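Q: I'd like a close look at one part of this protein: the aromatic rings and what sits around them. Could you walk me through it slowly?

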Amino acid sequence: MNADERSERLEQLFRQTFRRVMAYCLRRASEAAAHDAVAEVYAVAWRKRRQLPVDDEEAVLWLLGIARRVLANQARSQRRWARLLMRVAERAEPDTPPAADPHGAGDTGDGLAAALAQASDADRELLRLAYWDDLSRNDIATVLGISVGAVDTRLHRARQRLRQRLATANPHQDPSKEKDHAER
């Protein structure tokens, strides 16, 4: 099969299998994540179209295998994101336990995610380099093209601003009030 025939075959396969691949992904992920996964499945299939099986049923199974790996990558990415949120929360609020959800539901990282979303692009990038990418101060300085001293200052200020946003989003009780409440 030449390149044009493989491209036509993949386009035909897309039309025949889109619903099946989408259903597969929807059973395993949220709607938004499933849409992202399906887009990635066909992007991977396009890049690997030389490996496309000739048999239709084998081709569907090949696509579902790609979908399985894409969904696994998404899940790993979500776990990394959750770990990042927890690491940033630990460093942003070292002396304060995470606020408990009064309803017992929800993610402790929700407030942190909202606080990060409100942060400036520069603060977000700096915090991501430090905590998500786990770069050293020297590496961050190289990536940003600034001095290590500037990294220290900016990172300190970014943490302070993040801490303020978290405090505003989840005001904690005064410790003296908690002590009075515990004695009753």
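A: Here is a walk through the rings, with a little context before and after.

First, some ground rules: this is a predicted model, where local features need pLDDT of at least 70 and side-chain atom pairs count only at pLDDT 80 or more, while totals for chains, interfaces and linings use all residues. Residues are numbered from 1 along each chain as its sequence is written, and side-chain values use heavy atoms, with hydrogens and water left out.

Now the overall layout. The protein chain has 8 helices and 0 strands (helices are DSSP runs of H or I with at least four residues, strands are runs of E with at least two, and both are numbered from the N terminus). Of its 184 residues, 32% are buried; buried means under 20% relative accessible area, exposed means over 50%, and partly exposed is in between, using a 1.4 Å probe on protein chains only.

On to the rings. A search of the whole structure turns up 2 aromatic pairs. Rings of Phe, Tyr and Trp (its six-membered ring) pair if their centres lie within 6.5 Å; planes under 30 degrees apart are stacked, over 60 edge-to-face, and the rest tilted. Take Phe 14 and Phe 18: their ring centres are 5.4 Å apart and their planes meet at 55°, so this pair is tilted. Both belong to helix H1, and because they are 4 residues apart there, about one helical turn separates them. It helps to know that an α-helix has 3.6 residues a turn, so residues three or four places apart point the same way. Phe 14 is partly exposed at 36% relative accessibility, and Phe 18 is partly exposed too, with a relative accessible area of 31%.

Phe 14 has a second partner. Its ring centre lies 4.7 Å from that of Tyr 42, with the planes at 85°, so this pair is edge-to-face. Here the link joins distant parts of the chain: Phe 14 is in helix H1, Tyr 42 is in helix H2 (residues 31-47), and they are 28 residues apart. Tyr 42 counts as buried because its relative accessibility is 11%. Put together, ring pairs tie Phe 14, Phe 18 and Tyr 42 into a cluster.

Other rings have a charge for company. Arg 28 lies over the face of Tyr 24, 3.7 Å from the ring centre, and Arg 49 lies over the face of Trp 46, 4.0 Å from the ring centre. A charge sits over a ring if NZ of Lys or CZ of Arg is within 6 Å of the ring centre and within 35 degrees of the ring normal.

Back in helix H1 (residues 3-26), you'll also find Arg 9. Arg 9 counts as buried because its relative accessibility is 9%. The side chains of Arg 9 and Asp 56 share a polar contact of 3.1 Å. That term means a pair of N or O atoms within 3.5 Å; within protein, one must be able to donate a hydrogen and the other to accept it, and residues adjacent in sequence count only if both atoms are side-chain atoms.

One last stop is helix H5 (residues 121-132), whose buried residues include Arg 124, Leu 127 and Tyr 131. H5 is followed by Asp 134, which has a positive phi, near 55°.
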